[in-house]
Amino acid sequence: MTEEARELSPVESAASPAEVNQKLLDQYNEIATLAGGLAHEIKNPLSTIRLNMELLAEDFAESDQPRDRRAQAKMATVQRECQRLQDLLDDFLNFAKVHRLRRERASLNLEVQRALDFFRPTADEANIEVVPYLAPDLPGVMLDREMFQSALLNLLLNAEQAMPDGGQLVVRTRTTPQGVELELIDTGCGMDEKTRGMVFQAFFSTKSGGCGLGLPTARKIVEAHGGTISLQSELGKGTQFSIKLPAAT
């Protein structure tokens, strides 16, 4: 083999798929670390701003002067925006960090019931009827229970926001050939084709003031468990989210 051929040899010049994947993973970890550090650095001065705005509001609270009332309204606006930034940073940090799962054998039905118990006061206030159909004798699954609860609550709150005038939410579990499936079916406003294609993209939101990280974070958590999440939706008729998880081995 000539020297020129040796220089062009793909075996020696090209990285293996494993090396490429590792390089991409290292780059992702670096970006996630930098983004997380930046978010933490923003949170520190933001907390200082919030604290001082609260103290200023207390100083002006007893005044009835028109000028002071206008100042109070401006301070309230700054406080609201500070809280919005705080919520956005918290959601971003939760989305960006590389999750290390602490999985244990669990019952999908028990985790669903736990989430519904927490969600029920919100549903009652929003005039939403929750109808559970939890199939008996489901196989066990391996879950990081707290992370999975976070994903479930994101989906439940998304359903609640899709039904501003109330409605019905059906929550159903069943066995599949590979494991288990959870379906959440609401009678809300539904989505058009364009929205359906973008709901799992980070920072996409149709809600005023929404950060657009709830559903992408839920998908990331489900996929970290080896599962999949999909949706079906029709404008004006409602939405169905389906989560499939493998059975515990």
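Before we start, one term: a cavity here is a set of grid points where a 1.4 Å probe fits but cannot get out, and its lining residues have an atom within 4 Å of a point. Keep that in mind, everyone, as we look around this structure. It is a predicted model.

So, how many cavities of 30 Å³ or more does the structure hold? There are two. Let's visit each in turn.

The largest cavity has about 40 Å³ of space. Around it you will find Val 112, Ala 115, Leu 116, Leu 152, Leu 156, Val 171, Leu 182 and Leu 184. Helix α5, which runs over 108–125, provides the largest share of that lining, with three residues. Helix α6 and strand β5, at 179–186, join α5 in supplying at least two residues each. As for the kind of residue, the lining has eight nonpolar, no polar and no charged residues.

Now for the second largest cavity, where the space is again about 40 Å³. Which residues line this one? They are Leu 155, Asn 158, Ala 159, Leu 169, Leu 184, Asp 186, Thr 239 and Phe 241. By class, that gives five nonpolar, two polar and one charged. Here α6 gives the most, with three residues, while α6, β5 and β7 (238–246) each contribute at least two.

Since α6 has come up at both stops, let's have a look at the helix itself. It covers residues 145–161, 17 in number. From the first C-alpha to the last, α6 reaches 24 Å, close to the 24 Å expected at 1.5 Å a residue. Its buried residues include Leu 152 and Leu 156, which we met at the largest cavity. Leu 155, Asn 158 and Ala 159 of α6 are buried too, and those line the second largest cavity.

Let me finish with the largest nonpolar core. It has 34 residues, and those touching the most other members are Leu 108, Leu 169, Val 171, Leu 182, Phe 241 and Leu 245. The most generous contributor to this core is α5, with six residues. As general background, nonpolar side chains in soluble globular proteins tend to be buried together.

One core member to find on your screen is Leu 182. What is Leu 182 in contact with, leaving aside neighbours within four places in sequence? The list is Leu 108, Val 112, Leu 152, Val 171, Arg 172, Thr 173, Phe 241, Ser 242 and Ile 243. Among these partners, Val 112, Leu 152 and Val 171 also line the largest cavity, as does Leu 182 itself.

Methods: Residues are numbered from 1 along each chain as its sequence is written. This is a predicted model: local features need pLDDT of at least 70, side-chain atom pairs count only at pLDDT 80 or more; totals for chains, interfaces and linings use all residues. Side-chain values use heavy atoms; hydrogens and water are left out. Helices (H or I, at least four residues) and strands (E, at least two) are DSSP runs, numbered from the N terminus. The expected span of a helix is 1.5 Å times one less than its number of residues. Buried means under 20% relative accessible area, exposed over 50%, partly exposed in between (1.4 Å probe, protein chains only). On a 1 Å grid over the protein atoms alone, a cavity is a set of points where a 1.4 Å probe fits but cannot get out, and a pocket is an open set with protein on both sides within 12 Å along at least five of seven lines; lining residues have an atom within 4 Å of a point. Grid points are joined across faces, edges and corners, and a volume is the space filled by probe spheres set on the points. Ala, Val, Leu, Ile, Met, Phe, Trp, Tyr, Cys and Pro count as nonpolar, Asp, Glu, Lys and Arg as charged, and the others, Gly among them, as polar. A nonpolar core is a set of buried Ala, Val, Leu, Ile, Met, Phe, Trp, Tyr and Cys residues joined through side-chain atoms within 4.5 Å. Contact means heavy atoms within 4.5 Å.
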